Amino acid sequence: MDAEAVIKRLVQSTQEGRIEWKRHLASNAFTEGTDEIVETFYTTRHNGHRLRAYEARYRHYYDEDRYSWASENRLETIDESDSMLWRFPASRWTGELLQAAVYQTANVDTMFKDLMGDEKE
């Protein structure tokens, strides 16, 4: 099984509620020593493995003074100290997984049900 297949399975398991993610605010230590910006990250434990998903934003330089902002969605395995053990290769599915984790932790389904319940009153 390749990494992309694993990420696709994680997306499906998250959408079906078999994997639960937790949202964390990233401290400055998260990106210490880099030019990256990470605001939040999401963690879970699945089948004995700890995973972390997040979006890293960074400057993409064209020359010394010209740059644009770029971003990369990342999925990593982490140890008990939250240190990265291994980063999954870039995949479009990583963005899907991150969006599924955001959706889940924001309780969007519950919010939609609550909002629709207002119409019945």
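Where is the place of N107? I found N107 in the loop between helix 2 and helix 3 (108-117). I note at the start that this is a predicted model.

**Entry 1: N107 and D82**

I looked up the backbone of N107. N107 is not a glycine, yet its phi is positive, about 55°. I then checked its exposure. N107 has a relative accessible area of 47%. The cut-off for exposed is over 50% and for buried under 20%, so N107 counts as partly exposed.

I turned to D82. This residue is not a glycine either, and its phi is positive at about 70°. I located D82 in the loop between strand 4 and strand 5 (84-87). D82 is partly exposed, because its relative accessible area of 37% falls between the two cut-offs.

**Entry 2: helix 1**

I went to helix 1, residues 3-15. I counted 13 residues in helix 1. From first C-alpha to last, helix 1 reaches 19 Å, close to the 18 Å expected at 1.5 Å a residue.

Which residues of helix 1 are buried? I listed I7, L10, V11, S13 and T14. What do the buried residues of helix 1 pack against? I found strand 2, strand 3, strand 4 and helix 2 (92-105). I also looked just past the helix. G17 follows helix 1 and has a positive phi, near 80°.

**Entry 3: strands 2, 3 and 4**

I followed the pairing from strand 2. Strand 2 covers residues 40-46 and strand 3 covers residues 49-61. The two pair in the antiparallel sense, over six bridges. I picked out one bridge: T44 has L51 in strand 3 as its partner. Strand 2 and strand 3 form a hairpin, with two residues between them. I checked the turn and found N47 there, with a positive phi of about 50°.

How many bridges pair strand 3 with strand 4? I read twelve bridges, in the antiparallel sense. Here I noted R52, which stands opposite E76 in strand 4. A hairpin of five residues joins strand 3 to strand 4.

**Entry 4: R74**

I stayed on strand 4, residues 67-78, where R74 is found. Is R74 buried or exposed? R74 has a relative accessibility of 7%, under the 20% cut-off, so I wrote it down as buried.

I then looked up the polar contacts of the R74 side chain. One is with the side chain of E36, at 2.7 Å. Another is with the side chain of E72, at 2.6 Å. Next I set aside the neighbours of R74 within four places in sequence. That left R74 in contact with E36, R52, A53, Y54, A56, R87 and T94. E36 appears in this contact list, and E36 also makes the polar contact at 2.7 Å. R52 is in the list too; I had already met R52 opposite E76.

**Entry 5: T31**

E36 led me to T31. Leaving aside neighbours within four places in sequence, I found T31 in contact with E36, I37 and V38. T31 is found in the loop between strand 1 (22-25) and strand 2. Why is T31 called buried? Its relative accessible area is 14%, and buried means under 20%, so T31 counts as buried.

**Recap**

I end on E36. The R74 side chain makes a polar contact with the E36 side chain, and T31 is in contact with E36. R74 is buried at 7%, and T31 is buried at 14%.

Note on methods:
Residues numbered from 1 in each chain as written. Heavy atoms only, no water. Helix = DSSP H or I, 4+ residues; strand = E, 2+ residues; numbered from the N terminus. Buried < 20%, exposed > 50% of the residue type's maximum accessible area, 1.4 Å probe, protein only. Polar contact = N/O pair within 3.5 Å; in protein donor to acceptor, adjacent residues only side chain to side chain. Contact = heavy atoms within 4.5 Å. Pairing = 2+ DSSP bridges. Expected span 1.5 Å × (residues − 1).
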